[in-house]
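Reader: Could you take me through one part of this model up close? I'd like a hairpin and whatever surrounds it, with the cut-offs spelled out as you go.

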Amino acid sequence: MSSDARIARHYWLPIPEASGRGGVRHAFPGARWLGTPSETAVCGIETPMAEPSEVDWICFPTCPECHQILKDRHSTRGR
Ligand SMILES: [Zn+2]
């Protein structure tokens, strides 16, 4: 029995840019953020973590790389 799809769990979190202007919503492996000071996103960047504000959720665009990687994972059954 294969449960790869279920192992590949992830959550999204808006991450502000270091410059303080804007940010991007990245996907992270796991069920949810456990309060760690930094995490490695699905797209491979390591980023400091912080509690997002509601505005961050609305304003930050989804990271296209994270999105693509997760999409590819879901379509590994062939095409
Ligand atoms: Zn990303």
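Author: Sure, let's start at the turn. Strand 1 and strand 2 make a hairpin with 6 residues between them, and G20 in that turn has a positive phi of about 90 degrees. Before going further, two notes on the ground rules. This is a predicted model, so to speak of local features a pLDDT of at least 70 is needed, side-chain atom pairs count only at pLDDT 80 or more, and totals for chains, interfaces and linings use all residues. Residues are numbered from 1 along each chain as its sequence is written.

Helices (H or I, at least four residues) and strands (E, at least two) are DSSP runs, numbered from the N terminus. Strand 1 covers residues 10–16, while strand 2 covers residues 23–29. The two pair in the antiparallel sense over 7 bridges; pairing here means that DSSP finds at least two bridges between the strands. You can trace the register from both ends: H10 stands opposite P29, and P16 stands opposite G23.

Now look at W12, which lies in strand 1. W12 is buried because 20 other C-beta atoms sit within 10 Å. The scale is this: 20 or more other C-beta atoms within 10 Å of a residue's own is buried, 12 or fewer is exposed, and in between is partly exposed, with C-beta atoms placed from the backbone. Leaving out residues up to four places away in sequence, W12 touches R25 and A27, where a contact means C-beta atoms, placed from the backbone, within 7 Å. W12 and W33 are 21 residues apart in sequence, yet 8.9 Å apart in space, C-alpha to C-alpha.

W12 also belongs to the largest nonpolar core, which has 8 residues: W12, L13, I15, F28, A41, V42, C63 and C66. Such a core is a set of buried Ala, Val, Leu, Ile, Met, Phe, Trp, Tyr and Cys residues joined through C-beta atoms within 7 Å. Strand 1 supplies the largest share of this core, 3 residues. In soluble globular proteins, nonpolar side chains tend to be buried together.

Another core member, V42, is worth following back to the hairpin. Again skipping residues up to four places away in sequence, V42 touches H10, H26, A27, F28, P29, C66, I69 and L70.

From there, move on to I45, in the loop between strand 3 (38–40) and strand 4 (46–48). I45 counts as partly exposed because 14 other C-beta atoms lie within 10 Å. I45 and H26 are 19 residues apart in sequence and 9.3 Å apart in space, C-alpha to C-alpha.

S38, in strand 3, is exposed because it has 9 C-beta neighbours inside 10 Å. Beyond four places in sequence, S38 touches E46, T47, P48 and M49.

Zooming out, the protein has 3 helices and 4 strands, following the pattern α-β-β-β-β-α-α along the sequence. Of its 79 residues, 14% count as buried. Among contacts between residues at least 6 apart in sequence, 37% join residues at least 24 apart.

Conventions:
Contact = placed C-beta atoms within 7 Å.
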